[in-house]
Structure formats: C-alpha cells, structure tokens
Amino acid sequence: MATFGSVTMNGKVYNQVSFKPEFTTGKLGIGLDFYIYFDEDGNVYSKDWDFSSFESSFKTLIDKIYYIRYGQPFNDLYFRIGALEKVTMGHGILIRNYANNMDYPQIRRLGFDFRYTFSDFRLEFIHSDLKEFSNGGLLGLRTLVPIIPKLDFGVSLVTDLNQFGGLLDSDGDGYPDFIEPGFENNPDQWHQNQTIQEWLNNNCDDCHDLIDMAGQQMQEYLDSSKLEKDEVSGISIGTTYTLNDKLKIYSELSQLIGETSNPNNSLSFNTDLGYGVIPLGLKASWEKVNMSIDYRFSSKNYLFNFWDQNYDHNRAMVIYDDDNENPEVITKESTLYRYGKLKGANITISSNFIRIFQLTMSYQHLNGEKWDDNLSDYKADKNSTFYTKLDIDTSKISKVRIAELFYQQSYSSKPFSFDPDENTLFGYNIGVEMADNMILLLRGRKSYVLDEGRYRPVKTTQVETQIIF
C-alpha cells in the first residue's frame with residue numbers, strides 16, 4: 001500500500017509519501033511503514049531518518065515497523081509488537097481499552113502485547129512502548145490460574161515507572177518541550193545561553209566571568225525544571241466463573257499504589273491512593289450482542305480503568321497560569337484527590353444487530369463525592385464515563401471502504417454535555433474508493449490540554465491517498 005497526502009504534526013502541516021507493505025504467512029503477520037514528510041519548502045522532516053549514532057539509527061529502523069503479529073488474542077499463543085489498538089487486562093478494572101497509537105504518526109510507539117495459555121494456565125504481558133522501557137510507560141503482567149472446573153483466579157500487576165515520560169519531547173534530546181521554549185525542534189540546543197556562550201567563546205578572550213555566568217544560569221534553570229521519576233502502580237485480583245458458553249460471572253478488586261496531591265495542604269489529608277471493588281459482574285455473549293454489567297464502589301483517591309484509551313495524553317500534562325507563564329507539570333496520579341468515595345454501575349454493550357452498524361457503548365455511572373476547590377472539601381457529585389464507537393460495514397455501501405467514529409468522555413459529572421477537558425478524546429477514520437485499488441483516507445484525532453485557563457484542542461489529522469497493490 002502506497003500513500004500520498006498530508007499530516008499535521010506539532011501544529012505544522014507536512015506533505016507525506018509512504019509505503020506500507022504487509023505480509024502474512026500462516027499465523028505470522030508483518031506490517032511495515034516507510035515514510036517521508038516534507039514541508040512547504042521541500043525540507044525533509046529529518047528526525048525520522050537520523051543515522052548520526054547507533055541509538056538514533058536503531059530508533060529510525062524500529063520506527064519503520066508498524067506491527068509484527070503472531071496468532072490472534074484468543075489463540076493459545078499470541079503476540080503483537082508495534083501499534084496496539086485496544087488492550088484490556090482482566091475485566092478492565094485497571095487497564096481497559098488502552099491504545100498506544102492515539103498520537104500516530106506524530107509519535108510512533110513500539111508496544112508489546114503477549115498472551116500464552118498452557119494447561120489452562122494463562123500468562124499476559126503488555127508494555128506501551130519498548131523504546132521507553134527504561135524510562136517508564138505502561139507495563140502490565142497478569143496470570144490466570146484454574147482453581148476448580150469453570151472457576152479461574154487472576155492476579156494483575158500494572159505500573160508506569162515514570163509518568164513524566166509522557167511529556168512531549170519533539171526533538172528527542174531528553175528535555176521536554178516546555179523546558180526549552182523556542183528550541184523544541186533543535187536537538188542541539190535547549191537554552192538561549194548556549195548561543196551566548198558560543199559567541200563569547202569565539203569572540204571574547206577575556207569573558208570568562210560572563211561565560212561562567214551564562215553556564216550557571218543554564219544549570220540553575222535546568223535544576224529548577226528537573227523532574228524526578230514519578231511512579232504509579234496498581235494490583236488487582238479477581239475470579240471468573242463460567243456458567244455456560246454464553247454466561248460468565250466475575251468479581252475483581254484493585255489497589256492503586258502511589259500518592260496524589262494534597263489540595264489544601266492539610267496534615268489530616270490522606271494522599272495514599274485508594275481501592276476499587278467490583279463485587280459482582282455478569283458477561284453475556286450471543287450471536288449478535290455482547291454485554292457486561294456490574295456493580296462497583298471505590299474509596300477516595302481512586303479511578304476505575306486508570307489506564308484507558310486516553311492515558312498517553314493525560315499521564316503527564318503541562319499547565320500554565322493565566323499569563324501563560326510558570327509552567328507546572330501534573331500527572332494523572334496527582335489529580336486523584338478530586339475523587340471521593342463512589343459507588344454505582346457499569347454497562348457495556350457491543351452489537352451489530354442493525355445490519356451495517358457495529359456499535360459499542362460503555363457507560364459508567366457513579367454517585368458519591370468530588371473535590372470542590374471553593375469549599376476546600378468534598379461535596380456530593382457524580383463521576384461518570386461514556387465511550388462509544390460506531391463501525392460501519394462498508395461492504396454494503398458503494399465506494400466506502402472505511403467508516404468508523406469514536407468518542408470518550410471520562411470522569412465527568414455530565415459526560416453527555418460535551419464539555420471538553422483533559423479526559424476527552426474524539427477520533428474518526430473515513431476511507432472512500434476513488435478508483436480501483438485507490439482510496440482517499442481521512443484520519444483525525446482530537447484531545448485537549450489546559451492552556452491559559454482554557455482547554456485547547458490538540459489535533460492530529462491525516463489526509464492521504466492509498467494505492468493498494
């Protein structure tokens with residue numbers, strides 16, 4: 001498959017030429033992604049073709065792998081390396097519908113999803129980005145052990161070793177963009193004093209004091225901006241009892257491990273993360289409908305489905321004051337103080353009973369407490385999450401090859417008000433056949449970041465023509 005078109009990255013539009021071959025043999029599948037981006041002046045986006053060192057060369061080559069897959073998730077042996085589109089661990093109390101390709105092609109993550117079953121014992125492993133292994137990213141391990149016939153017991157361990165690894169670093173120099181304003185795309189410079197130092201070194205023999213001062217200012221700035229690693233983890237245990245080939249009942253409980261912020265600096269405020277419990281749930285599967293429903297409750301400082309589809313966007317966020325100054329980094333973990341004790345239900349339905357439509361809807365409705373900054377205390381409020389995805393069977397529609405749309409609003413008092421925040425995610429994929437084996441494809445993703453007191457949309461758009469060989 002060859003593609004021609006445009007893509008928006010870091011707020012700038014690039015023209016794109018790419019070649020995406022896919023190979024399958026038996027259970028093995030490989031998808032590659034060779035691409036060149038160039039701006040309106042014809043300059044190539046060189047970050048994706050950097051062979052200046054072994055590390056950069058390795059990253060350049062690895063980025064050309066879209067996926068390597070063996071088997072399917074329901075097989076005894078399955079793994080996928082590359083883009084992960086929808087991963088759930090257990091019954092989703094910790095990881096649910098996680099996807100590492102929400103920022104593609106601006107960010108290409110090399111995820112790993114592995115599942116192995118032998119003698120009814122099952123092992124699952126997930127990592128969001130093997131390129132980020134030493135610096136964090138989502139890391140999950142789950143085991144499933146049969147206790148008696150039809151009854152299984154599962155344990156999951158999940159962690160993000162460094163939430164700050166989610167901060168945007170456009171030039172890959174190790175300094176997040178907010179630390180080096182004006183030099184976000186220059187891997188050789190991260191502070192204006194570097195230019196001053198270089199000029200003084202070349203033009204002033206007696207400027208040692210000024211050179212030292214410029215260096216000291218750079219070091220002070222770096223020290224004040226330095227981010228120590230911030231880890232957040234979770235553990236869950238659960239059981240599943242299979243009634244028959246259509247019905248299962250389950251239970252699951254989890255504990256998040258870490259510390260949230262202290263909103264009023266009170267000595268009595270407990271910043272330890274909390275727990276969540278699903279005492280009883282039911283899963284049903286019929287020919288055209290899959291459904292799950294459960295009752296759930298949680299303590300303070302906890303969120304169900306902490307690692308969700310939007311996690312890579314809100315694991316670490318940079319916020320500014322009203323004057324667009326004084327950047328501050330907050331993590332998803334640090335915001336958990338907002339949520340007090342909650343209880344309610346979750347229901348998920350996936351169905352294709354309306355002929356050409358495959359509809360997936362999930363709604364979590366929880367009642368309880370949420371933090372109120374004006375009161376500096378908790379007050380009664382709702383905490384709900386709504387997710388929906390619509391796929392259209394394009395085989396029934398002339399000229400349309402791809403048509404899908406999804407929307408997610410999490411942890412909101414009014415999830416149907418469409419009032420965006422950092423937990424909002426919207427996306428679509430539309431492909432129209434222009435001629436035999438030629439498709440015009442439009443992809444869009446939109447998330448939101450807090451900027452000068454308002455939520456600003458962050459858009460990633462691809463418009464391309466695909467030629468299938």
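Two exercises with worked solutions follow, on the cavities and the aromatic rings of a predicted model.

Residues are numbered from 1 along each chain as its sequence is written. In this predicted model local features need pLDDT of at least 70 and side-chain atom pairs count only at pLDDT 80 or more, while totals for chains, interfaces and linings use all residues, and side-chain values use heavy atoms, with hydrogens and water left out.

**Exercise 1.** Describe the largest cavity by its volume and its lining.

*Solution.* A cavity is a set of points, on a 1 Å grid over the protein atoms alone, where a 1.4 Å probe fits but cannot get out, and its lining residues have an atom within 4 Å of a point. Grid points are joined across faces, edges and corners, and the volume is the space filled by probe spheres set on the points. The structure holds 3 cavities of 30 Å³ or more, and the largest has a volume of about 190 Å³. Next, its lining comprises 14 residues, with R96, N305, T385, Y387 and Q408 nearest the centre.

**Exercise 2.** Characterise the surroundings of the F306 ring, starting from its aromatic pair with Y311.

*Solution.* Rings of Phe, Tyr and Trp (its six-membered ring) pair if their centres lie within 6.5 Å, with planes under 30 degrees apart counted as stacked, over 60 as edge-to-face and the rest as tilted. The whole structure contains 20 such pairs. Among them, F306 and Y311 are tilted, at 5.9 Å centre to centre and 50° between the planes. Both F306 and Y311 are buried (under 20% relative accessible area, 1.4 Å probe, protein chains only). Finally, K332 lies over the face of F306, at 4.8 Å from the ring centre (NZ of Lys within 6 Å of the ring centre and within 35 degrees of the ring normal).

Technical notes
On a 1 Å grid over the protein atoms alone, a cavity is a set of points where a 1.4 Å probe fits but cannot get out, and a pocket is an open set with protein on both sides within 12 Å along at least five of seven lines; lining residues have an atom within 4 Å of a point. Buried means under 20% relative accessible area, exposed over 50%, partly exposed in between (1.4 Å probe, protein chains only).
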